Amino acid sequence: MKIKIAKKIFSENDKIADINRENFKRHKIFTINLMGSPGAGKTSFLEKSISLLKDKVQVGVIVGDITGIDDAMRINKLQVPVVQLNTGGACHLDANMINNSLQDLPLEEIKLLFIENVGNLVCPADFDLGENIKVTILSLTEGDDKPLKYPLIFKKSSALIINKIDLIPFLEVSIDKIKKDCLLINPTIKIFKVSCKNNEGIENWVKWIMTMIL
Amino acid sequence: MHELSIAYSLLNLAIEECIKRGFSKIQKIKITISSASNIMPEALLFSFNALKQETIAQESILYIEKIPLSGICQSCNTKITTFKPFIIECPVCHDNSLNLQIPDDLKIDEIEVT
Ligand SMILES: Nc1nc2c(ncn2[C@@H]2O[C@H](COP(=O)(O)OP(=O)(O)O)[C@@H](O)[C@H]2O)c(=O)[nH]1
Ligand SMILES: [Mg+2]
Ligand SMILES: [Zn+2]
């Protein structure tokens with residue numbers, strides 16, 4: 001016989017993401033899942049942001065890479081707690097990896113947690129980590145056609161960081177096109193233009209983050 | 001993508017629903033997938049068929065139905081449905097005010113049991 005079920009299927013990942021979310025809530029931690037292509041400037045952007053943020057709020061960082069500890073070494077110089085997560089091949093972080101690495105962070109002392117996802121514009125968008133917001137960073141050197149080619153990640157992000165605007169004189173890209181396409185995909189996305197080279201726009205973004213966590 | 005993990009969840013959910021109602025064998029599972037989802041039906045089917053072995057769903061068939069995105073163009077009022085992952089432009093008047101509704105990623109619709 002036929003039985004009507006009509007229930008949402010939650011993957012194992014979604015279940016663990018909910019556990020993480022509860023954990024963050026209990027510790028009053030605001031969590032940002034930072035996504036973007038390899039070389040978009042995720043680590044540079046974290047370095048710049050943390051330099052300005054760390055006197056205002058206690059920051060913690062999880063950096064995900066397929067292999068290596070380079071990014072963690074860079075963040076470590078800023079003297080904030082950091083965990084390097086190696087996925088050993090996986091092209092994205094999942095909730096279980098985050099759940100495990102939380103054991104290595106002093107959660108009581110953290111109010112703002114950045115998670116640098118593995119460089120990729122596709123898979124990270126599908127994996128809820130339990131974060132409060134997703135933020136995507138797109139650098140101008142990647143071209144202005146990326147929002148329309150990878151709509152899902154922009155659809156799911158609360159903010160878009162357009163990075164490397166110092167390179168504008170050397171490139172043929174339209175920031176207006178990136179903004180326009182992104183807003184069509186996601187009318188409520190907040191857009192910041194920044195340069196991690198000359199610090200332009202970083203302060204604006206930091207101000208916005210501070211309003212989110214208060 | 002995480003098809004294996006999804007196949008595992010849906011198989012467990014179906015088995016749970018079957019046993020809860022006092023049945024002992026699943027013949028068919030019908031699920032729906034949103035067109036916006038990145039899930040690949042072929043990969044999901046492959047994972048499901050591997051996982052169902054030695055369960056009460058061993059002889060079951062998995063049916064996957066794709067659900068289109070839908071919306072009404074704010075400019076020309078045309079009702080739009082599409083099986084593409086996303087569209088920006090109204091196919092009729094080319095305006096960009098589609099107001100697309102994106103269905104739930106993944107749902108178990110019905111099961112057939114004995
Ligand atoms: N010119 C310029 N280069 C940048 C900027 N941000 C990052 N980079 C460079 O881009 C490269 C990749 O940066 P990284 O932060 O490692 O990117 P990730 O792979 O996304 O973490 C490095 O060589 C950075 O120095 C920027 O705003 N302007
Ligand atoms: Mg990096
Ligand atoms: Zn129209």
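Donors are N, O and S atoms within 2.8 Å of the metal (3.2 Å for Na, K and Ca), and water is not among the atoms, so sites may look incomplete. The model is predicted: local features need pLDDT of at least 70, side-chain atom pairs count only at pLDDT 80 or more, and totals for chains, interfaces and linings use all residues. Residues are numbered from 1 along each chain as its sequence is written, chains are lettered from A and ligands numbered from 1 in the order in which they are written, and side-chain values use heavy atoms, with hydrogens and water left out.

**View 1. The magnesium site in chain A.** The magnesium ion (ligand 2) has three protein donor residues, Thr43(A) through OG1, Asp71(A) through OD and Glu116(A) through OE, at 2.1 to 2.2 Å. Along the chain these donors follow the spacing T-x27-D-x44-E. Thr43(A) belongs to helix α2 (residues 42–53) and Glu116(A) to strand β5 (residues 112–116), so this pair ties together parts of chain A that are 73 residues apart in sequence. Helices (H or I, at least four residues) and strands (E, at least two) are DSSP runs, numbered from the N terminus. Thr43(A) is buried at 5% relative accessible area, and Glu116(A) is buried at 3%. Buried means under 20% relative accessible area, exposed over 50%, and partly exposed in between (1.4 Å probe, protein chains only).

**View 2. Surroundings of Thr43(A) and Arg74(A).** Leaving out residues up to four places away in sequence, Thr43(A) touches Asp71(A), Arg74(A), Ile75(A) and Glu116(A); contact means heavy atoms within 4.5 Å. Arg74(A) sits in helix α3 (residues 70–76) of chain A and is partly exposed, with a relative accessibility of 30%. With the same sequence neighbours left out, Arg74(A) touches Thr43(A), Ser44(A) and Glu47(A). The side chains of Arg74(A) and Glu47(A) are joined by a polar contact of 3.1 Å. A polar contact is a pair of N or O atoms within 3.5 Å; within protein, one must be able to donate a hydrogen and the other to accept it, and residues adjacent in sequence count only if both atoms are side-chain atoms.

**View 3. The zinc site in chain B.** Cys73(B), Cys76(B), Cys90(B) and Cys93(B) coordinate the zinc ion (ligand 3) through their SG atoms at 2.3 to 2.4 Å. Their spacing in sequence is C-x2-C-x13-C-x2-C. The four donor atoms subtend angles of 107 to 112°, which makes the arrangement tetrahedral (four donors, all angles between 85 and 135 degrees). Cys73(B) is buried at 1% relative accessibility, whereas Cys76(B) is partly exposed at 29%.

**View 4. The interface of chain A and chain B.** The contact takes 23 residues from chain A and 28 residues from chain B. The two chains bury about 2500 Å² between them, 63% of it on carbon and sulfur atoms; buried area is the accessible area (1.4 Å probe) that two parts lose on being put together, summed over both. On the chain A side, Ile3(A), Ile5(A) and Ile9(A) lose the most area to chain B, together 27% of what that side buries.

**View 5. Polar pairs across the interface.** Two salt bridges are found between chain A and chain B, a salt bridge being a side-chain nitrogen of Lys or Arg within 4 Å of a carboxyl oxygen of Asp or Glu. Lys7(A) and Glu17(B) meet in a salt bridge of 2.6 Å, N to O. There are 11 residue pairs in polar contact across the interface, both residues at pLDDT 80 or more. On the side of chain A that touches chain B, β1 (2–8), α1 (12–26), α6 (151–156) and α7 (175–185) each supply at least two residues. The largest share of that side, seven residues, comes from β1(A).

Terms used. Tetrahedral: all angles 85-135°; square planar, octahedral: opposite > 155°, others 65-115°.
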